Amino acid sequence: ASLKKYAGFHLHPERPVECTDGAVFGRNYFERISAVEQETLEDTEERERVLAECASLKKYAGFHLHPERPVECTDGAVFGRNYFERISAVEQETKEEADERAEILAECASL
């Protein structure tokens, strides 16, 4: 009978432990309600790093969701220059335009 009882402990670990002796007691120091939750330094640093990463991902998601917003720059060393549409840029002509121009100049030279 006792072997069957101990086999039941192993077959059904979800069953609560029953105790009939009044002198037997125990205290769970890890899951008690009054225990202050402890967090290690590594866990704290990891949590702060993850929250900072989430904040930056939220910021970049806003860039994709609202492309119509202007680009804001706070760094004075950041600048840009458009080399294709600036006023001082020499106008580029296509090969057809260059051929036509050469043909017109050749006609003018022959007159």
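The accessible surface of the chain amounts to about 11,900 Å², and 58% of this area belongs to carbon and sulfur atoms. The model from which this value was computed is a predicted one. Of the 111 residues of the chain, 2% count as buried.

The secondary structure comprises three helices and zero strands, and the pattern read along the sequence is α-α-α. The chain is more spread out than a compact globule, because its radius of gyration is 40 Å, well over the 13 Å that the globule rule gives for 111 residues. Taken along the principal axes, the box filled by the C-alpha atoms is roughly 125 × 40 × 25 Å. With regard to charge, the chain carries 14 positive and 24 negative side chains. The centres of these two sets lie 12 Å apart.

Aromatic contacts were examined next. The count comes to two aromatic pairs. In one of them, formed by Tyr6 and Phe9, the ring centres are 5.5 Å apart and the planes stand at 70°; the pair is therefore edge-to-face, since planes over 60 degrees apart are classed in this way. Both Tyr6 and Phe9 belong to helix α1 (residues 2-11), where they are three residues apart, about one turn of the helix. Tyr6 has a relative accessibility of 45% and counts as partly exposed. Phe9, at 47% relative accessibility, likewise counts as partly exposed.

An aromatic pair is also formed by Tyr60 and Phe63, with 5.4 Å from centre to centre and 65° between the planes, and this pair is edge-to-face. Tyr60 and Phe63 are both located in helix α2 (residues 41-65), three residues apart, about one turn of the helix. The relative accessible area of Tyr60 is 44%, and this residue is partly exposed. For Phe63 the relative accessible area is 49%, so this residue is partly exposed, the class of exposed residues being reserved for values over 50%.

In addition to its pairing with Phe9, the ring of Tyr6 has the charged end of Lys5 sitting over it, at 5.9 Å from the ring centre.

Outside the helices, Arg81 is placed in the loop between α2 and α3 (95-110). Arg81 counts as exposed, because its relative accessibility is 56% and the class applies to values over 50%. The C-alpha atoms of Arg81 and Leu41 are 47 Å apart in space, while the two residues are 40 residues apart in sequence.

Terms used:
Residues are numbered from 1 along each chain as its sequence is written. This is a predicted model: local features need pLDDT of at least 70, side-chain atom pairs count only at pLDDT 80 or more; totals for chains, interfaces and linings use all residues. Side-chain values use heavy atoms; hydrogens and water are left out. Helices (H or I, at least four residues) and strands (E, at least two) are DSSP runs, numbered from the N terminus. The radius of gyration is taken over C-alpha atoms; the globule rule is 2.2 Å times the number of residues to the power 0.38. Buried means under 20% relative accessible area, exposed over 50%, partly exposed in between (1.4 Å probe, protein chains only). Accessible areas come from the Shrake-Rupley method with a 1.4 Å probe; for residues, only the protein chains shown count as cover. Lys and Arg count as positive and Asp and Glu as negative; His and the chain ends are not counted. The place of a charge is taken as NZ of Lys, CZ of Arg, CG of Asp or CD of Glu. Rings of Phe, Tyr and Trp (its six-membered ring) pair if their centres lie within 6.5 Å; planes under 30 degrees apart count as stacked, over 60 as edge-to-face and the rest as tilted. A charge sits over a ring if NZ of Lys or CZ of Arg is within 6 Å of the ring centre and within 35 degrees of the ring normal.
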